[in-house]
Amino acid sequence: MDFLNALILLLNYIFVPALAYGSQLAIGAIFVTLIYGILRFANFATGDMMSFGTMVAILFTWYFQSLGLSLGFLPTALLAIPFAILFMGLYMLTIDKFVFKYYRLNKSPPVQLAMVSIGVMFVTQAVVRIIIGPSDRRFFDGEKFLIRANEFKEMTGLNEGLAIKSTQVITIVVTIILVSTLFWFLNKTKTGKSMRAYSDNEDLALLSGIDPKKIVMITWMIAAILATIGGVLYGLDKSFKPFTYFNNMLPIFAAAIVGGIGNPFGAFLGGYVIAFSEILLTYAYKKFFMYVLPESMEPDGLIQLLSTDYKFAVSFSILVIVLLYRPSGIFKGKIL
Amino acid sequence: MRKNLNVIAAYSIMMGLIILVGIFQSWNIALSIFNLCLISAVMTMGANIQWGYAGLINFGIMGFTALGGLAAVLISVNPVQEAWSAGGTNILLSLFLIIGIVLAVRFVLKRYQKSKIRNYLIAAIIIGGIIIIRLVSEPGIEAIEEVNPARTGFLGGLGLPIIFSWIVGAFFAGGLAFVIGKVALGLRADYLAIATLLISEIVIAIIKHEDWLTRGVKNVIGLKRPAPYEVNLQETEWFINLVEKFNSGKLALISDITERQAALNQFVIEGSSVFVKLCYSGLFLVVVIILLILTQKALYSPWGRMMRAIRDNEEAANAMGKNVVKQHLLIFVLGSAIVGIAGAMLVTQDGLFTPGSYRPLRYTFLIWVMVIVGGSGNNFGAILGGFVVWFLWIEAAPIGLYLVNLTTAGLEDTHFLKVHLIESVPYFRFLMMGIGLLLIMRYRPKGILPEKIEIK
């Protein structure tokens, strides 16, 4: 019984939150890695692009709510996502046309493109803050919990409750659908294969008749889908605040590099590596050991490896270690 | 003279703009903009040495700035005796333990051949060391943080004049840069950018949460000043006389004695804060000029030519027998040290240390915008970039407000769009920075004052 309690405790406080957070990071990391692999620059506007997509989704959500539309127990934001993606795609293509295209055609070094992306970051950030403001916004509606902690306790008769928020389930389900479609697209369809070929060797791809314009456009469209969905899922689970989204860029980068930048599957796993290590290392295990160990051996401290303040620092330290010992990432990506 | 015309013109326009602010807004605002421009100029010089001279991307400027600020605290604050007696020994012991771990790892690295066993041994030393350090330091940290937490709750500093911290800040930042450089400089450009960005976040996390050292988010306020205090100035004889002489024309117009006294008091209060700011400007100007002379000398020395050679063609420079790795490390340390000076100057000017205020947007990306806009590789350009960008950053809100009023003139004051736009005026600065950066990168990629190499 104690063992079950300990297990549920870990599930509730570590496994489920880390899985949801990891999925959100994974989507962002695939976004970064796709841009890096095909357009060949580190996109410092990642976080702000995600916040732009989320903002559009929130505006649509508000509009639908004012019309009285809803999805019942699901959040209305899910209905807004397709519209937001369209807007986001338009925004990305506009940016590409007016900003990135020039440098791509001039074959500028990646560093210059990264600097340009900082300009885009500033502009996007300004646009988001001017339109929706810098404050915290919650746009979740619908049923909040799938399983409540006390319901679970009653059902099973255990001491520990397991609470599963519906946003966590939505996050995980959407991530599975999205990522598997994406991998199917990249590996099985002709367009996906040509994208991979272009990423692998640009000159050879061009020689074999792949149209770079089409590749770039599709990449931005996929990026728009990933950015919007990733942003909305994060916003539903926590809340929407432009500044947090900007900061999320850092663990997302960490995830992409840990997984091997340029490798979508690596980025996907990288997200979970970062999320799990953040939560595992900063969780206080006192209660867990109280269940597992006999009473005489009960710990008196919190048994916390690192204080929760260092949550971000954990992922960055992992990144630094990976950079030192395996610069190409866990799964071999492009060697930078 | 002729070839420096654009430099002189650019700087005159900049000074003219600041003087205009002085005339139309107030001299107080103009001087505070000027002071922060000078600090930004020091930061951009640091970043320019790394990027402009050597082509190294350092996105960790925020971390080095914060370390400089930390130096200001550790140098100037009076030591907290109680805290030292409560937990000082534990902290010192942990410090020795850290040194011990580093030495042990070095010993293992030197003594044993590269092998799996060696890796495990190092990992064991580090993990074991961390556990021991935690056991040793935890009671000490708790004891220190319990000493009068509302006012101190940290170890305090050395109680020296704060000016020394400018040098110490440079050493702190340089030391960190040495460690980072050893670890990360081998990486290619965009990896280095991301790595330094993340490392600077780790530095900030440590400064924010190690309360025993920095008071963390509780902030350290009321630091010593190298300049006189306004309150004292307002009571000093010579200063009042000076203000009186300065404003004698305006004062003569007021006939009533009590009114004249009131006006004089007003002038003294304003004058005192302007005078204090002028003191800071003088100090900062000295630093900027010294650094400018040094960096300019370095740029035109054989060393500067070597750095450019390394930047432009690493392999060729290597083939000519230049130690690229060593030079990269050197320049990374030097540039970061300059940023550290700026960090200490910033805290000195503010008189407070607020770890929560270090954000990458303000302290890393904005500095980069300054370097790129001003002109990388050209010290005068980098300084000008610091001035222009900081000026716009501050004045963006008034300009934005003016623009909003202009474009929405046809709307009523209560129209929701107008109200919303006026509320979001502070964010126009991001827009201006972004568009400015994009335009400069596209149409003048070498910056306002491009790099110009003359062989003397």
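The domain assignment divides chain B of this predicted model into domain 1 (46-79 + 157-226 + 284-358), domain 2 (80-155) and domain 3 (359-456). Domain 1 is thus written in three segments, whereas domain 2 and domain 3 are each given as a single range. Between the C-alpha centres of domain 2 of chain B and domain 3 of chain B the distance is 45 Å.

The two chains can be set side by side in a table.

| Chain | Helices and strands | C-alpha span along principal axes | Buried residues | Contacts joining residues at least 24 apart, among those at least 6 apart |
|---|---|---|---|---|
| Chain A | 13 helices, 2 strands | about 70 × 55 × 35 Å | 46% of 336 residues | 74% |
| Chain B | 19 helices, 0 strands | about 90 × 60 × 50 Å | 40% of 456 residues | 82% |

For chain A the overall dimensions can also be set against a simple expectation: a compact globule of 336 residues would have a radius of gyration near 20 Å, and the value computed for chain A, 21 Å, agrees with this.

**A helix of chain B**

Helix α15 of chain B covers residues 324-350, and because each of its 27 residues is taken to add 1.5 Å, counted over one less than the number of residues, the helix should span 39 Å, which agrees with the 39 Å found between its end C-alpha atoms. Most of α15(B) is covered, since 20 of its 27 residues are buried. The residue that follows α15(B) is B:G351, and its phi is positive, near 75°.

**The contact between the chains**

On the side of chain B, 33 residues are in contact with 35 residues of chain A. Four helices of chain B, namely α6 (164-184), α7 (189-209), α16 (360-374) and α19 (428-443), each supply at least two residues of the side that touches chain A. Among these contributions the largest share is that of α7(B), which provides 13 residues. Sorted by class, this side of chain B consists of 25 nonpolar, 3 polar and 5 charged residues.

**Nonpolar cores**

The largest nonpolar core holds 212 residues, and within it A:A254 and B:V42 are the residues that touch the most other members. Helix α1(A) gives the largest share of this core, 17 residues. Domain 1 (46-79 + 157-226 + 284-358) and domain 3 (359-456) of chain B both contribute residues to the core, and therefore it lies between them. In soluble globular proteins, nonpolar side chains tend to be buried together.

The surroundings of A:A254 can be described in detail: once its neighbours within four places in sequence are left aside, A:A254 is in contact with A:I274, A:S315, A:F316, A:I318 and A:L319, and also with B:L198 of the other chain. A second core, separate from the one just described, has 9 residues, among them B:A86, B:F154, B:L155 and B:W212.

**Individual residues**

In chain A, A:G235 lies in helix α9, which covers residues 212-237. This glycine counts as buried because 28 C-beta neighbours lie inside 10 Å of A:G235, where 20 or more are required. Apart from residues up to four places away in sequence, A:G235 touches A:T54, A:F139 and A:F240. The C-alpha atoms of A:G235 and A:T94 are 25 Å apart in space, while the two residues are 141 residues apart in sequence.

Two residues other than glycine have a positive phi, one in each chain: the phi of A:R40 is about 65°, and that of B:N219 is near 65°. A:R40 is placed in the loop between α1 (2-39) and α2 (46-67) of chain A, whereas B:N219 is found in the loop between α8 (211-214) and α9 (230-233) of chain B. A residue is partly exposed when its count of other C-beta atoms within 10 Å falls between the limits of 12 or fewer for exposed and 20 or more for buried. A:R40, with 18 such atoms, is therefore partly exposed, and B:N219, with 14 C-beta neighbours inside 10 Å, also counts as partly exposed.

Technical notes:
Residues are numbered from 1 along each chain as its sequence is written. Chains are lettered from A and ligands numbered from 1 in the order in which they are written. This is a predicted model: local features need pLDDT of at least 70, side-chain atom pairs count only at pLDDT 80 or more; totals for chains, interfaces and linings use all residues. Two residues are in contact if their C-beta atoms, placed from the backbone, lie within 7 Å. Domain bounds come from an automatic or database domain assignment. Ala, Val, Leu, Ile, Met, Phe, Trp, Tyr, Cys and Pro count as nonpolar, Asp, Glu, Lys and Arg as charged, and the others, Gly among them, as polar. A nonpolar core is a set of buried Ala, Val, Leu, Ile, Met, Phe, Trp, Tyr and Cys residues joined through C-beta atoms within 7 Å. The radius of gyration is taken over C-alpha atoms; the globule rule is 2.2 Å times the number of residues to the power 0.38.
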